[in-house]
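Hi,

Here is the model I said I would pass on. Have a look at it first, and then read my notes underneath.

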Amino acid sequence: MHRIGVFVCHCGTNIASTVDVKAVAEAAAKEPGVVFSADYQYMCSEAGQNLIKDTIKEKNLTGVVVCSCSPRMHENTFRKAVSAAGLNPYLLEVANIREQCSWIHKDIKDGTEKAIVLTRAAIAKVVLNAPLVAGTSPVTKRALVIGGGIAGIQTALDIADAGFEVDIVEKRPTIGGKMAQLDKTFPTLDCAACILTPKMVEAAQHEKIRILSYSEVCGVKGFVGSFKVKIKRKARFVKEDVCTGCGLCTEKCPMKRVPNEFNLGMDERRAIYIPFAQAVPKVAVIDPDHCNMLKNGKCGVCAKVCSVGAIDYKAQDSFVEEDYGAIVVATGFEPINIDAYDEFAYSQSKDVVTSLEYERLMNAAGPTGGKLLRPSDGKHPHTIVFVQCVGSRESDGSPKCGKSYCSKICCMYTAKHAMLTREKYPDTEVYVFYIDVRTPGKGFDEFYRRAAEQYGVHYVKGMVGKVVPENGVLKVRAFDLIAGEQLQINADMVVLATAIEPDKTARPLATLLTASMDTNDFFTEAHPKLRPVESPTAGIFLSGACQGPKDIPETVAQAGAAAAKVVGLLAKDSIVCNPCVAHSDEKLCNGCSRCERVCPYGAITYVDKEFKMPDRSIKIRRVSQVNEAVCQGCGACTVVCPSGAMDLKGFSTEQLRAEVDAICK
Amino acid sequence: MQVNNSTGSKDVFRPKIVAFCCNWCSYAGADLAGTNRLNYPADVKIIRVPCSCRVNPLFVLQAFQRGADGVIICGCHPGDCHYTSGNYYARRRMTLLFSMLDFMGIEKGRTRVEWVSAAEGAKFADTMNDFVSTVTALGENRRLEDLRCRK
Ligand SMILES: Cc1cc2nc3c(=O)[nH]c(=O)nc-3n(C[C@H](O)[C@H](O)[C@H](O)COP(=O)(O)OP(=O)(O)OC[C@H]3O[C@@H](n4cnc5c(N)ncnc54)[C@H](O)[C@@H]3O)c2cc1C
């Protein structure tokens, strides 16, 4: 006979204010199999958990139903309590009467009735629960970091320092990410290269870190603890282990007119190039779209000048497959495309630039050697207008498909740009048009005020309506919201603080990893407050701006946190698996292979098995078998099975049908 | 749209609605609707399944047989399935089942597959409000109901 205990939580007044918890407990007591039913203030408190434990022992319970908040919140807490009292932890069901009941219904009668039905369904299910034992699976003690920006580098360094091997997969020829393109960094104004490049070198020289640059992840199999990752190593046409990075080839290559992506197309590079002086690995790469030798077999200059014979025109993309226990996503961000914002004349004038382009124009290694010169005529600009929030904070459904969120870093880097400009060129007037100035952060507001007060930057609240290029000047029309008047400024340059968005490759990557993303394609965390560096998919961790807009201090903090989580996982020899997996009843299985075909994990195999027939003869039949360590418990196989042999533990056909019955009663 | 769910006179028709929600997206979306205190009628009762592909067409049939007036299946958005492809199976199976049910006289409005992510609490509430009002407008379902199941 079943002996079920039902515990109804008040959750203070969170549940009790719209659900009559006493009535729920009374109704539950009348259900068949229920031998104990009570309500309590806070079931998750120690006293609440003790109530469960004591009742299990006293009443010799065979199953427990807790009516409380979502099982996503406290299922584990209650499982532990149940198990502490000697009952199998899977003989517990949670009826979600908070998130899915008391919080959405205002009418107490409605709420109570629904809570009773949900409780009834949970009782009907728990009666059919089987004790489950979780298996274990081994952990491969290596980590993969995808993306080699400051986030990826820092995560890799921290994991490697803890003694585990790490591979960094970076799609570009060098690691470094956006930070390598920045000039000076707020809030301290130290130069980005001075603090980043030592880290890049440290990563390259670390005995536990391997950098797979110019590579992409193209397949992910497995699960937490044992991922199998297929990595595409794009053909560099230069042997990475032979090239010394001397750079002679990049000087002799006759193809001079290739837009240099590192300087955002504001100057040119050769067809064979090293992205920037401190690139890691410092190895040349041939751009196959522009190399004459690769395109039509005519040239070969680089091979001739290379004294070590590193050039290999016949190189091809290669693929490697590696095992990892944990994967960290650190794919960062990109500024959005601003074609839709033509009122700012970005496509019409070279003197309208994005903030990232401005970083390059200010940078000593940039296209102008660090002198602030107008891209159109190389003259020194005297009036510069900065426009904030280009594409950020737009109302949902705006025709430009801008972003509804705040890009977070722009207020600070614009203050930085304004300040640096005024410092280097005090003869330049600087205007900043803003909707709001948002500078929370340690020392950030002081930084902004310094720009406005000490450096004499003109902050104007209001949006720029139009920029019109006319005879070499940019006529900026705007509205000053505080003065309540129309403004026109004749500017020499306009700088647009463009919104940032996740890298374009992030979504296909998320699909490979089965990691979830929000509507903006930022990776979502397992819990927005309590598990900010883990993805909801076990074994996948998040680092840096791929999870949301972040500045460098925040990125580095998150990178370290992600590393700590990874180390916590890799330090284990084995992990406990989810016991809610599929299993097949060999007697019923007819060997049709349908389950095998729908299984996304390859967890189902077929074996020949001997069966004793009623007439005592032995017959060999082909039957399916589930590898419990590989099965993730989706249940796709259970539905395609024509003979009903396949079932899912914890969510069995019988259990779900019992829930349907209980709800429709 | 907010369906009037005040419990007034006995004759107001309140539909019975079974919602199957996948654990990773839609169930979390439903939790978010709750966390954000977004209302939808109490007629909706959620059954948690690991993935929308766990929903056997049999469960839908059984719900109607036991007197449900509407059945909705919610899963992750295409491409976002926690198990990579489960929601595609669910979509194909349910398309087939629903057109068969329609043929049998269970109107298309009583069945639905909807994609709700863990971030879409508002979409979850909107979907439920809309579904409940559609089913309410269709009235009680008698087509497949096994009268022996009725008390
Ligand atoms: C104009 C501007 C100025 C800024 N100024 C400052 C400042 O002064 N101070 C400050 O604190 N912050 C500043 N920031 C913010 C700073 O750039 C970011 O915080 C930081 O770069 C985030 O690092 P990340 O590693 O997360 O991302 P990223 O730097 O974007 O690095 C991501 C890396 O991942 C790689 N990648 C992407 N997708 C894949 C894939 N699928 N496979 C493999 N590799 C992939 C990319 O190639 C890149 O190398 C500024 C940003 C901008 C735009």
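In chain B, B:C22 of strand β1(B) has B:V49 in β2(B) as its bridge partner. Keep in mind that this is a predicted model. That pair belongs to a longer run of pairing: β1(B) and β2(B), residues 44–49, are parallel and joined by six bridges. To get from β1(B) to β2(B), the chain goes through helix α1(B), residues 26–35, in a right-handed β-α-β crossover.

β1(B) has another partner too. With β3(B), residues 70–75, it pairs over five bridges, again in the parallel sense. Here B:I17 is matched with B:G70.

So how many of the residues of β1(B) are buried? Six of the six, residues 17–22, so the strand is largely enclosed by the rest of the structure. If you colour it by side, you will find B:I17, B:A19 and B:C21 pointing one way and B:V18, B:F20 and B:C22 pointing the other, with all of them buried.

The helix that makes the crossover is also mostly covered, with eight of the ten residues of α1(B) buried. Those are B:S26, B:Y27, B:A28, B:G29, B:A30, B:D31, B:A33 and B:G34. A small thing to check while you are there: B:R37, just after α1(B), takes a positive phi of about 55°.

Stepping back, chain B has four helices and four strands, and from the N terminus on they run β-α-β-α-β-α-β-α. Of its 151 residues, 60% count as buried. Looking at contacts in chain B between residues at least 6 apart in sequence, 81% join residues at least 24 apart. The accessible surface of chain B is about 6000 Å², and carbon and sulfur atoms account for 54% of that.

Now for chain A. It has 665 residues, 55% of them buried, and it contains 18 helices and 34 strands. Its C-alpha trace spans about 90 × 70 × 40 Å along the principal axes. Chain A exposes about 28300 Å², with 52% supplied by carbon and sulfur atoms. For contacts in chain A with a separation of 6 or more, residues 24 or more positions apart account for 68%. On charges, chain A carries 81 positive and 77 negative ones, and the mean positions of the two sets are 4 Å apart.

The part of chain A I would open up is strand β4(A), residues 92–96. Five of its five residues are buried, so β4(A) is largely enclosed by the rest of the structure. Which residues lie on each side of it? A:L92, A:V94 and A:N96 are on one side, and A:E93 and A:A95 are on the other; both faces are covered. Note that the buried set includes A:E93 and A:N96.

β4(A) runs parallel to β3(A), residues 63–68, and five bridges join the two. The chain gets from β3(A) to β4(A) by way of helix α3(A), residues 71–84, and this β-α-β crossover is right-handed. One of the bridge pairs to look for is A:V64 with A:L92.

If you only have a few minutes, start with β1(B) and its six buried residues, then go to β4(A) and its five.

Cheers

Definitions and conventions
Residues are numbered from 1 along each chain as its sequence is written. Chains are lettered from A and ligands numbered from 1 in the order in which they are written. This is a predicted model: local features need pLDDT of at least 70, side-chain atom pairs count only at pLDDT 80 or more; totals for chains, interfaces and linings use all residues. Side-chain values use heavy atoms; hydrogens and water are left out. Buried means under 20% relative accessible area, exposed over 50%, partly exposed in between (1.4 Å probe, protein chains only). Two strands pair if DSSP finds at least two bridges between them. A crossover is right-handed if, with the strands pointing away from the viewer, the path from the first strand over the helix to the second runs clockwise. Contact means heavy atoms within 4.5 Å. Accessible areas come from the Shrake-Rupley method with a 1.4 Å probe; for residues, only the protein chains shown count as cover. Lys and Arg count as positive and Asp and Glu as negative; His and the chain ends are not counted. The place of a charge is taken as NZ of Lys, CZ of Arg, CG of Asp or CD of Glu.
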